Amino acid sequence: MAQIANAQNDAKAKAILDAVSKKINGLKSLKANFALHLAGANGKVNDSKKGTIYLKGQKYRVTLPGQEIINDNKTVWTYLKDANEVQVSSFNASEQTLSPAKLFTNFYDKEYSYKYAGVRKVGGKNCDIIELIPTNKSKQFSKVELAIDKASNTIAGGNIWEKNGNQYKYEVSGFTPNADVADATFTFDAKKYPGVEVVDLR
């Protein structure tokens, strides 16, 4: 595959990423299913999870087996089912992790250098591959690869390489634009979790 010129950010990658942002920012809300696979430094998959994400602006709710992460853009609630415990922390937009809202929206211009890396099939879809390198070297990960569905300008999946050698591979399916998502989805209602222990980390 021919290498793209080593400009810090190439125009083709930017055009594709801008089209994704425009599409997502034009939605009132979205719902998507995803699968997340963790491979250790040895390359063996040692954990797979399936979940659902709800997104409305910068607010999001991620539901995984045994865990929920809820963010109303001010507070983050992380609920752990086994412990019946919720950890409450203040939302920090510049935190080191890749939040789901960032992954679906325009996060790349200031925080990454990016380049076009060709076409690949992901989940049966023809996808443009964009490689992103964090400009802030203190981040936990060294590289992110996004797979953009050419037909719909939406994210179909990708890979995240952590500095500790772990690699996360994710696939997005069942993408529902303008899903009917109530605002209450993005707050934690303790009444629905009888006996929950609240650990306030703020």
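**Burial and nonpolar cores in the predicted model**

Of the 202 residues that make up the protein chain, 42% count as buried in this structure, which is a predicted model. The chain contains 3 helices and 12 strands, and its accessible surface comes to about 10900 Å², with carbon and sulfur atoms accounting for 51% of that area. When contacts in the protein chain with a separation of 6 or more are considered, 50% of them are made by residues that lie 24 or more positions apart.

The largest nonpolar core is built from 27 residues, and those with the most contacts inside this core are Ile130, Leu132, Val144, Leu146 and Ile148. Helix H1, which covers residues 11-25, gives the most to this core, contributing 5 residues. Another core, of 8 residues, lies apart from the one just described, and Trp77, Tyr79, Val88 and Phe188 are among its members.

A single position, Thr75, was examined in further detail. Thr75 is found in strand E5, which is formed by residues 75-80. The relative accessible area of Thr75 is 11%, and Thr75 is therefore classed as buried, because the class takes in residues under 20% relative accessible area. Once its neighbours within four places in sequence are left aside, Thr75 is in contact with Ile70, Val88, Ser89, Phe91 and Arg202. One of these contact partners, Val88, is also a member of the core of 8 residues.

Conventions
Residues numbered from 1 in each chain as written. Predicted model: local features only at pLDDT ≥ 70, side-chain atom pairs only at ≥ 80, totals over all residues. Heavy atoms only, no water. Core = buried A, V, L, I, M, F, W, Y, C linked by side-chain atoms within 4.5 Å. Buried < 20%, exposed > 50% of the residue type's maximum accessible area, 1.4 Å probe, protein only. Helix = DSSP H or I, 4+ residues; strand = E, 2+ residues; numbered from the N terminus. Contact = heavy atoms within 4.5 Å. Areas by Shrake-Rupley, 256 points an atom, 1.4 Å probe, with all protein chains shown as cover.
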